[in-house]
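Q: Please take a close look at one part of this structure and explain, step by step, how that part fits into its surroundings. A connected account for a first-year student would be welcome.

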Amino acid sequence: RFEGARPEREGEARSMASSFSRVKIQGHSDTGTLSFEPQEVVWASSRGSSSGRRGVAYEKVGRASWSVFGKYGLLSLYDEGDVVMRVDGFKWSDRDELAKALRKREIELDDREFSAEARSHGQYHLDGSSLVLENDGKQVFELDLRTVSQCVLPAGPGTKEPKDVTMQFVETDAGDADEHQLVEMRLWVPTAEDADEGEIEIPAAVRLHQQVSKIAKADARGGDMITEFADGTF
């Protein structure tokens, strides 16, 4: 559970320090402090370990987005379409201070609304190295395709048009035991009924498979048949 970001001392003016305490960065289980230093934005673990410090130079940040989940806010920093830092645990009231701190570095903070309707379908597009799925203009999820280790296009005897794409992700033991990892995801990608002739020639699932494999530089499996079984009960 994230604790809301708040000043270290009661009544302390955040705008003077340009820092936000008790927030959590993606990929790290500790809470820490996000500070806007002269040359970079820095997150430092509250434990003070050297491995718990991450910084991003302002020149590498092209844009920023703010999203709200329940009681807390999420700040995402991007270089083109690639996420360079993602920090969670802010209070709603922190948005204006974050926007002010970013604006001083000529970075605009945009609001991004996520879908909270438990929908798992929509339209996808590529944003830099990220795969973004949206439904009714709201973001459902965002995947960094650079973390894909293998992309598979399942196919078998009699398959005329593949409609599934399976992605497997890099697993690591370096993270904290309490951190969950996404291991595999399968997407159903049928070709739209109103697609033009050029899109019909290459099924939507095949196009996505090609796009993911190119960005991830993953092992692009085509689902070649290994063996065949006679009729029977399995």
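A: In this predicted model, the chosen starting point is Val84, which has a relative accessible area of 32% and is therefore partly exposed, since that class covers values between 20% and 50%. Val84 belongs to strand S7. If neighbours within four places in sequence are set aside, the residues in contact with Val84 are Val56, Lys60, Val61, Leu77, Tyr78 and Asp79. One of these partners, Lys60, stands 24 residues away along the chain, and its C-alpha atom is separated from that of Val84 by 8.2 Å.

Another partner of Val84 is Tyr78, and this residue leads to a further arrangement. Arg63 lies over the face of the Tyr78 ring, at a distance of 4.1 Å from the ring centre.

The account now moves from Val84 to the interior. Which parts of the chain supply at least two residues each to the largest nonpolar core? This core has 23 residues, and those with the most contacts inside it are Leu34, Phe36, Leu75, Phe90 and Leu98. At least two residues of the core come from each of strand S1 (19–25), strand S2 (31–36), strand S3 (40–45), strand S5 (63–69), strand S6 (72–79), strand S7 (82–90) and helix H2 (94–103). The strand that holds Val84 is thus among the contributors. Helix H2 provides the largest share of the core, 4 residues. A second core, separate from this one, has 18 residues and includes Leu153, Met185, Leu187 and Ala204. As a general background, nonpolar side chains tend to be buried together in soluble globular proteins.

Phe36 deserves attention as one of the residues with the most contacts inside the largest core. Apart from neighbours within four places in sequence, Phe36 is in contact with Ser18, Phe20, Val41, Tyr58, Leu98, Ala101, Leu102 and Arg105. Phe36 also belongs to an aromatic cluster together with Phe20, Trp66 and Phe90.

The aromatic pairs of the structure come to 4 in number. In one of them, Phe20 and Phe90 meet edge-to-face, with 5.8 Å from centre to centre and 80° between the planes. Because Phe20 lies in strand S1 and Phe90 in strand S7, this pair ties together parts that are 70 residues apart in sequence. Are the two residues buried or exposed? Phe20 and Phe90 are both buried. A further pair joins Phe69 and Phe114: the ring centres are 5.0 Å apart and the planes stand at 50°, so the pair is tilted. Phe69 is in strand S5 and Phe114 is in the loop between strand S8 (109–111) and strand S9 (123–127), so the pair ties together parts that are 45 residues apart in sequence. Phe69 has 39% relative accessibility and therefore counts as partly exposed.

Charged side chains also join parts of the chain, and a search of the whole structure finds 10 salt bridges. One of them is between Asp30 and Arg47, at 3.2 Å from N to O. Asp30 is in the loop between S1 and S2, whereas Arg47 is in the loop between S3 and strand S4 (53–57), so this pair ties together parts that are 17 residues apart in sequence. With a relative accessible area of 7%, Asp30 is buried, whereas Arg47, with 67%, is exposed.

Strand S7 begins at residue 82, and Asp82 is linked with Asp144 and Arg146 in a network of salt bridges. Elsewhere, Arg112 forms a salt bridge with Glu142, and the closest N and O atoms of the two are 3.6 Å apart. Arg112 lies in the loop between S8 and S9 and Glu142 in strand S11 (residues 138–144), so the pair ties together parts that are 30 residues apart in sequence. Glu142 is buried, with a relative accessible area of 15%. Glu113 and Lys138 form a salt bridge as well, with their closest N and O atoms 3.4 Å apart. This pair links distant parts of the chain, since Glu113 is in the loop between S8 and S9 and Lys138 is in strand S11, 25 residues apart.

Finally, the whole chain provides the setting. The protein chain contains 4 helices and 15 strands, and 38% of its 234 residues count as buried.

Notes
Residues are numbered from 1 along each chain as its sequence is written. Side-chain values use heavy atoms; hydrogens and water are left out. A nonpolar core is a set of buried Ala, Val, Leu, Ile, Met, Phe, Trp, Tyr and Cys residues joined through side-chain atoms within 4.5 Å. Buried means under 20% relative accessible area, exposed over 50%, partly exposed in between (1.4 Å probe, protein chains only). Contact means heavy atoms within 4.5 Å. Rings of Phe, Tyr and Trp (its six-membered ring) pair if their centres lie within 6.5 Å; planes under 30 degrees apart count as stacked, over 60 as edge-to-face and the rest as tilted. A charge sits over a ring if NZ of Lys or CZ of Arg is within 6 Å of the ring centre and within 35 degrees of the ring normal. A salt bridge is a side-chain nitrogen of Lys or Arg within 4 Å of a carboxyl oxygen of Asp or Glu.
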